[in-house]
Amino acid sequence: MTTAATHHHQRWQTALQRTLKRVDQLPHYRVSGRVVRATGMVIEVVGLKVAVGSACHIELPGSDGRLGQSAHHAEAEVVGFAGEKLYLMPLEEISGLMPGARVSPLSDAGNSARRFPLGESLLGRVLDGNGNPLDGQENTEEAPRATLSTPPLNPLSRAPIDEQIDVGIRAINALLSVGRGQRMGLFAGSGVGKSVLLGMMARYTQADVIVVGLIGERGREVQDFIDNILGPEGRQRAVVVAAPADTSPLQRLQGAAYATRLAEGFRDQGRNVLLIMDSLTRYAMAQREIALAIGEPPATKGYPPSVFAKLPSLVERAGNAERGGGSITAFYTVLTEGDDQQDPIADSARAILDGHIVLSRTLAEAGHYPAIDIEASISRAMTAITDAQQQRNAQNFKRLFSRYQRNRDLISVGAYTPGHDPQLDEAVKRFPELEHFLQQNIDECATIQASRQALDAVAGKQAAGGQA
């Protein structure tokens, strides 16, 4: 036998051994259940015992309307159970479902949780909530895979937030400084410029990897964010997970968890990750749809209690790893319905995040961009990552700005006369400079150093004058 034939025979034997090993691991029988009820998004199944979160296949008739060789399958996930009944929710809209349709677990192990692609090969890619490509490029079969669940980090082992991160926005760098590993909320109504602000941060922030989760937003925004806001340079170091509004609530939940899991994977490699999720409210709404569909009672404004348990479990996965490890700096957008800052999701998010940036519709309507409401915004980590001089300047800036805003009506109607209140006189004099400081064009990048110098020029002079 020739050398080439010998090598070919050895390769064939190796492949055969691998196949036999896989066959030996297969069970000797298949477990299946059957559909007994389908109402709305929920499918009730009997005859199966699998864990919540497991994936299942539902058999659907083929194009000829029959089961058998022409049949195809729809994927669903177990979202709850009651007695012998399992509650399943399909990942996509299904048609042709029949009473008694066969349902089988994805694997015959007790917990058949799905595994999702992770790792370096996904940079520059656009994926859906299942990890499948949306960009028309090759599939992600070769990428390493893992489940979405990870053990929580010990809070005492996390590295503290002690280093400021440059986000390229002057108002944030100077007045609402963000630390590496911090989790900030971007609170805004619809149409006040939150997506543009997120895109500026994605382009200008100094991070090794950017993970973007577009959850429950308009499908048009996905293409727009990738091409016009993220740009070709930002996309090279980014992974985009898109689960638009027309996908199932399960896909939207899964998309947010998958984006977070991708960020965790890069953080575990020692990378500094920027996680952008638009929006946290759509994630909560998806969980509300699922919980109400399986019979959980509504609580606050129609949101069941499980929604308020899900939010911290998602947000707490971001942040710093152990000392010397990587980090996830996260920005979550929160939609405030009717610009109501007391919306239950906004209120809950404000309590679990490390700060909040509020965008004002009044400012946006006046052409003031970014429309950051400085008086209503705060960064809880700012005192740990900035020096005393910057903190004093920021306080002076906010004091002047707030003094002018409180007396804006008097100034507008001509009832203000200088000489009675020295601080108000100073605020009126400096207000054009303060307002110009807060405004920034979409293609303008303001570094930390430039932002501090601009702040010192605007608010430092007032401090020096006050001390004199």
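Serine 279 lies in the loop between strand E13 (272-278) and helix H6 (280-293), and the peptide bond that leads to serine 279 from aspartate 278 is cis, with omega near 10°. This is a predicted model, and its protein chain holds 14 helices and 17 strands. The points below take up the backbone, the aromatic rings, the largest pocket and the chain as a whole.

**Backbone details in the loops**

- For background, most residues other than glycine have a negative phi, and most peptide bonds are trans.
- Besides the cis bond between aspartate 278 and serine 279, a cis peptide bond joins tyrosine 369 and proline 370, where omega is about -10°.
- Proline 370 is found in the loop between helix H9 (361-365) and strand E17 (378-379).
- Lysine 301, although it is not a glycine, has a positive phi of about 50°, and the place of this lysine 301 is in the loop between H6 and H7.
- With a relative accessible area of 54%, lysine 301 counts as exposed, because the cut-off for that class is over 50%.

**Aromatic rings and the charges over them**

- A pair of aromatic rings is described by the distance of the centres and the angle of the planes.
- The structure holds six aromatic pairs, and in one of them the rings of phenylalanine 397 and phenylalanine 437 have centres 5.2 Å apart and planes at 50°, so this pair is classed as tilted.
- Phenylalanine 397 belongs to helix H11 (residues 388-406) and phenylalanine 437 to helix H13 (residues 422-438), so their pairing ties together parts that are 40 residues apart in sequence.
- Both rings belong to buried residues, because buried means under 20% relative accessible area, and the value is 0% for phenylalanine 397 and 3% for phenylalanine 437.
- Tyrosine 404 and phenylalanine 431 form an aromatic pair that is stacked, with 3.8 Å from centre to centre and 10° between the planes.
- Since tyrosine 404 lies in helix H11 and phenylalanine 431 in helix H13, this pair ties together parts that are 27 residues apart in sequence, and tyrosine 404 and phenylalanine 431 are both buried.
- One aromatic cluster is formed by Phe397, Phe401, Tyr404, Phe431 and Phe437.
- Arginine 170 lies over the face of phenylalanine 437, at 5.8 Å from the ring centre, while arginine 288 lies over the face of tyrosine 303, at 4.2 Å from the ring centre.

**The largest pocket**

- About 990 Å³ of space lies in the largest pocket, which is lined by 38 residues, and of these Leu148, Ser149, Ala257, Lys310 and Arg317 lie nearest its centre.
- Strand E4 (72-82), helix H5 (249-268), helix H6 (280-293) and helix H7 (305-315) each supply at least two residues of the lining, and the largest share, seven residues, comes from H5.
- By character, the residues of the lining divide into 18 nonpolar, 10 polar and 10 charged.

**The chain as a whole**

- Along its principal axes, the C-alpha trace of the protein chain spans about 95 × 60 × 40 Å.
- The protein chain has 468 residues, and buried residues make up 50% of them.
- Among the contacts in the protein chain with a separation of 6 or more, 72% are accounted for by residues 24 or more positions apart.

Technical notes:
Residues are numbered from 1 along each chain as its sequence is written. This is a predicted model: local features need pLDDT of at least 70, side-chain atom pairs count only at pLDDT 80 or more; totals for chains, interfaces and linings use all residues. Side-chain values use heavy atoms; hydrogens and water are left out. On a 1 Å grid over the protein atoms alone, a cavity is a set of points where a 1.4 Å probe fits but cannot get out, and a pocket is an open set with protein on both sides within 12 Å along at least five of seven lines; lining residues have an atom within 4 Å of a point. Grid points are joined across faces, edges and corners, and a volume is the space filled by probe spheres set on the points. Helices (H or I, at least four residues) and strands (E, at least two) are DSSP runs, numbered from the N terminus. Ala, Val, Leu, Ile, Met, Phe, Trp, Tyr, Cys and Pro count as nonpolar, Asp, Glu, Lys and Arg as charged, and the others, Gly among them, as polar. Rings of Phe, Tyr and Trp (its six-membered ring) pair if their centres lie within 6.5 Å; planes under 30 degrees apart count as stacked, over 60 as edge-to-face and the rest as tilted. Buried means under 20% relative accessible area, exposed over 50%, partly exposed in between (1.4 Å probe, protein chains only). A charge sits over a ring if NZ of Lys or CZ of Arg is within 6 Å of the ring centre and within 35 degrees of the ring normal. Contact means heavy atoms within 4.5 Å.
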